[in-house]
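Trainee: Got a few minutes to go through this one with me? I'd like to start with the overall layout and then look at the side chains.

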Amino acid sequence: MANQTRRVKPESLGDDEEGFAALQAIAGYAPVNQAYTVEAIAAARARMQSAWTTETQADAAQATARDNSVEAEWDFHNLMLGAKDQVKAQFGRDSNEVQALKMKKSSERKSPRRGSGSGGSGA
């Protein structure tokens, strides 16, 4: 039996659609098992299409929600970058306020070192 937790292949659904169209045209189709009537299959097809519509709308809503979250993240991040610049300008690069914002004080930065004085390429 097929794994019914996975989607049906589009080719199979296409074949099913064609088969259903042909089934509707069969005169005198009267299955013994009422689960397989044209009406029952049409109802299942309508449920499938409704579920697809719901899924598509949910996907669009999720994409919109993600875009809104990304925009809000960038707004917050850019405002925090600007606030950090404002703290540096107001209190100085070596202030405790700069350190409170998880930035290094200028006095904590290593000074640049000169390279070795040999002048050779070392190769």
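**Layout and side chains**

Mentor: Happy to. Read along the sequence, the protein chain runs α-α-α, where helices (H or I, at least four residues) and strands (E, at least two) are DSSP runs numbered from the N terminus. Before we go on: this is a predicted model, in which local features need pLDDT of at least 70 and side-chain atom pairs count only at pLDDT 80 or more, while totals for chains, interfaces and linings use all residues. Residues are numbered from 1 along each chain as its sequence is written, and side-chain values use heavy atoms, with hydrogens and water left out.

Trainee: How many helices and strands are there in the protein chain?

Mentor: Three helices and zero strands.

Trainee: And what radius of gyration does the protein chain have?

Mentor: The protein chain has 34 Å, whereas a compact globule of 123 residues would have a value near 14 Å. The radius is taken over C-alpha atoms, and the globule rule is 2.2 Å times the number of residues to the power 0.38. Along its principal axes, the C-alpha trace spans about 95 × 50 × 20 Å.

Trainee: What percentage of the residues count as buried?

Mentor: 8% of the 123 residues. Buried means under 20% relative accessible area, exposed over 50%, and partly exposed in between (1.4 Å probe, protein chains only).

Trainee: Let's switch to salt bridges. How many does the structure hold?

Mentor: Two, a salt bridge being a side-chain nitrogen of Lys or Arg within 4 Å of a carboxyl oxygen of Asp or Glu. In one of them, the side chains of glutamate 55 and arginine 7 meet at 2.7 Å, N to O. That pair links distant parts of the chain, 48 residues apart: glutamate 55 is in helix α2 and arginine 7 in the segment before α1.

Trainee: Is arginine 7 buried or exposed?

Mentor: Arginine 7 counts as exposed because its relative accessibility is 60%. Its partner glutamate 55 counts as partly exposed, at 32%.

Trainee: Which side chains meet in the other salt bridge?

Mentor: Arginine 45 and glutamate 17, at 2.9 Å, N to O. Here too distant parts of the chain are linked, with arginine 45 in helix α2 and glutamate 17 in helix α1, 28 residues apart. Arginine 45 is partly exposed at 30% relative accessibility, and glutamate 17 is partly exposed at 28%.

Trainee: On to the surface. Which residues form the positive patch?

Mentor: Arg93, Lys104, Arg109, Lys110 and Arg113. Patches are made of residues with over 30% relative accessible area and no salt bridge; like charges are joined within 9 Å, and nonpolar side chains (Val, Leu, Ile, Met, Phe, Trp, Tyr) within 5 Å. Lys and Arg count as positive and Asp and Glu as negative, with His and the chain ends not counted. The place of a charge is NZ of Lys, CZ of Arg, CG of Asp or CD of Glu.

Trainee: Where does lysine 104 lie?

Mentor: In the segment after α3 (96–100), and lysine 104 counts as exposed because its relative accessibility is 51%. Arginine 109 is also placed in the segment after α3 and is exposed at 55%.

Trainee: Which residues make the nonpolar patch?

Mentor: Ile26, Tyr29 and Tyr36, over about 310 Å²; accessible areas come from the Shrake-Rupley method with a 1.4 Å probe, and for residues only the protein chains shown count as cover. Isoleucine 26 sits in the loop between α1 (10–25) and α2 (38–91).
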